[in-house]
Amino acid sequence: MTQNSTKLVATPGQTIGPFYGYALPYEKDSQLVHRAHAGSIRLHGVVYDGQGTPIPDALLEIWQADETGVISRETGSLVRDDHTFTGFGRVAVDNEGHYTFTTVNPGATQEGKAPFISLVVFARGLLNKLHTRIYLPEDTDALAKDPLLSSLPEERRKTLIATREANGDLYFDIRLQGENETVFLSYPGA
Amino acid sequence: MTANTDETFDESHVIENDSAVIDSDAAADSQDFITNQINKIHDEYQQRKAEGKPEETQPRIDFAPYRSSVLRHPTKDLHHADPETIELWSPAFGHRDVHALEADLTIQHNGEPLGERIVVRGKVLDGAGRPVRNQLVEIWQANAAGRYIHKRDQHPAPIDPNFTGVGRCLTGDDGSYEFTTIKPAPYPWKNHHNAWRPAHIHFSLFGTDFTQRMITQMYFPGDPLFSLDPIYQSITDQKARDRLVATYDHNVTSHEWATGYTWDIVLSGSNRTWMEDEDAE
């Protein structure tokens, strides 16, 4: 390990604005796996503003481990071959603020660790990116031991845990403001 | 027909005072009103900085002069998290994903786009000054008339059939990127009456850690619209605002071809444990 000698100040972020439509979305951007892939699930939900109105022009990205907890180092997220799992997905929400990813349940990256999907949110009106985590609801022991979740009061903690639907899909809403505002994260060195 | 540009999309709410959100036409506010609001926030920041509060380096996400931010920012503080597992890595992009020609926005159609041809070049570095290697950079921008290719940009400026305004590249081993494009023009938007955005290019960046993910905007030196723009001015500190402004560089300018700008981008710190071989320059 080396010491970091220089410490540069990060460049400021700015809003994604409304006009990313030809630049950022791409074919199969939200399909981390093909729908026919064994074990594929839908991860979906709605992005809301502070009045509970769906935001129709947010862009979301997810980054996650595969079903066995392996973090992919494969390229090919922008040109999907329907076989390689790259772990990255992007989606522009629809006119009703709804998003859908086709993916798999991430496995635990270490024994006993609560699996989660890393999520970043961009939107017109949002002046900088927002990070959060989407936890799977099943492993309640692991969730109880999770350092982030256990640092949160109960009512805030639940904003980070997805709901499992009857057909196996995951449902996760993102509330930028107001009642049940999603917990957004900052990291050291930001 | 009502112009359906930019901020009209769902803009039915503005803040009239610090507490009440009411229905109104956002575009009714004057530039003076917005400028005063910006200056008040900046003055308060300067005062707090003089009292020893830390220097701000990122935009405020709660910045009322930018009307659309009012209902779209979290009101609770960001919660500190120690990055774990997946957050310490980033997706990998390669030549399967990005073709070298995608870095030239002037060759995507049959003819030459109109406007001032420019080269924008720089490096992507992390907070320790390490080059961010072989990583994806995406850009998008308006054309030389200030018009985007987008169904919601309907303002009366011409579309250029030879310019889409979208590019991508991968950084080199030294973190370098380079795009050839056309200098974008300012364009009007609906934040307030007679609102114009300074000319800018949107940049989307990945680091070595997903926590470094960033979208921002690069501006051009000396833009007369800087002081009037609530998006640029959402960064309260002048030093931080300056970090978004490219430098005209005559060494990047090429004879009888294109003027040149340089702009380096610094991502937040990496939290990964770096090994000697990864760190070696």
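1. Lys129(A) lies in the loop that links E5 and E6 of chain A, and in this predicted model that position is a crowded one. With 24 other C-beta atoms within 10 Å, where 20 or more are needed, Lys129(A) counts as buried. Leaving aside neighbours within four places in sequence, Lys129(A) is in contact with Gly13(A), Val120(A), Val121(A) and Phe122(A) on its own chain, and with Arg213(B), Met214(B) and Ile215(B) on the other. Phe184(A) is 55 residues away from Lys129(A) along the chain, yet the C-alpha atoms of the two are separated by 9.9 Å.

2. The two strands on either side of that loop, E5(A) and E6(A), form a hairpin with 6 residues between them, and in the turn Gly125(A) has a positive phi of about 90°. The strands run antiparallel and are joined by 6 bridges, with Ser118(A) standing opposite Arg133(A) of E6(A). As a general point, strands of a sheet pair through backbone hydrogen bonds, in either the parallel or the antiparallel sense.

3. How many of the 6 residues of E6(A) are buried? The count is 6 of the 6, so E6(A) is largely enclosed by the rest of the structure. Both of its faces are covered, since Leu130(A), Thr132(A) and Ile134(A) are buried on one side while His131(A), Arg133(A) and Tyr135(A) are buried on the other. In a regular strand, side chains alternate between the two faces of the sheet.

4. Elsewhere in chain A, strand E2 (residues 58–63) pairs with E3(A) in the antiparallel sense over 5 bridges, and Leu59(A) stands opposite Ala92(A) in E3(A). Of the 5 residues of strand E3 (residues 88–92) of chain A, 4 are buried, so this strand is likewise largely enclosed by the rest of the structure.

5. The largest nonpolar core has 106 residues, and those with the most contacts inside it are Ala58(A), Leu60(A), Val121(A) and Phe122(A). Strand E5 (residues 116–123) of chain A contributes the largest share of this core, namely 7 residues. Apart from its neighbours within four places in sequence, Ala58(A) is in contact with Val47(A), Val93(A), Val121(A), Phe122(A) and Ala123(A).

6. Between the chains, 69 residues of chain A are in contact with 74 residues of chain B. On the side of chain A that touches chain B, at least two residues each are supplied by E5, strand E6 (130–135), helix H2 (147–150) and strand E10 (185–186) of chain A. E5(A) gives the most to that side, with 4 residues. For the complex, the predictor gives an ipTM of 0.96 and a pTM of 0.93.

7. Turning to chain B, its secondary structure comes to 3 helices and 14 strands, and 44% of its 281 residues count as buried. Among contacts in chain B with a separation of 6 or more, 74% are between residues 24 or more positions apart. An open sheet of 4 strands in chain B has the order E6-E5-E10-E11, with antiparallel pairing. Its edge strands, which each pair on one side only, are strand E6 (166–170) and strand E11 (214–219) of chain B. Neighbouring strands of this sheet are turned by 20° against each other on average, direction ignored. Within it, strand E10 (residues 200–205) of chain B pairs with E11(B) over 6 bridges in the antiparallel sense, and His200(B) has Tyr219(B) as its bridge partner in E11(B).

8. What distance separates the end C-alpha atoms of helix H1 (residues 31–50) of chain B? They are 28 Å apart, which agrees with the 28 Å that 20 residues should span at 1.5 Å a residue. Just after H1(B), Gly52(B) takes a positive phi of about 100°.

9. Two residues deserve a look for their backbone, because most residues other than glycine have a negative phi. Asn180(A), although not a glycine, has a positive phi of about 60°; it is found in the loop between strand E9 (174–175) and E10 of chain A and is exposed, with 12 other C-beta atoms within 10 Å. Thr85(B), also not a glycine, has a positive phi of about 35°. Thr85(B) is in the loop between strand E3 (79–80) and strand E4 (117–125) of chain B, and is partly exposed, with 18 other C-beta atoms within 10 Å.

10. A caution on confidence: the mean pLDDT of chain B is 89, and 88% of its residues reach 70 or more. Over residues 1–25 of chain B, however, the pLDDT is below 50, although this stretch has 44 contacts in the model beyond near neighbours in sequence. Where pLDDT is low, the predicted coordinates should not be read in detail.

Notes
Residues are numbered from 1 along each chain as its sequence is written. Chains are lettered from A and ligands numbered from 1 in the order in which they are written. This is a predicted model: local features need pLDDT of at least 70, side-chain atom pairs count only at pLDDT 80 or more; totals for chains, interfaces and linings use all residues. Two strands pair if DSSP finds at least two bridges between them. Axes are lines fitted to C-alpha atoms, for helices over the stretch in contact, and angles run from 0 to 180 degrees between N-to-C directions. The expected span of a helix is 1.5 Å times one less than its number of residues. Two residues are in contact if their C-beta atoms, placed from the backbone, lie within 7 Å. pLDDT is the predictor's confidence in each residue, from 0 to 100. A nonpolar core is a set of buried Ala, Val, Leu, Ile, Met, Phe, Trp, Tyr and Cys residues joined through C-beta atoms within 7 Å.
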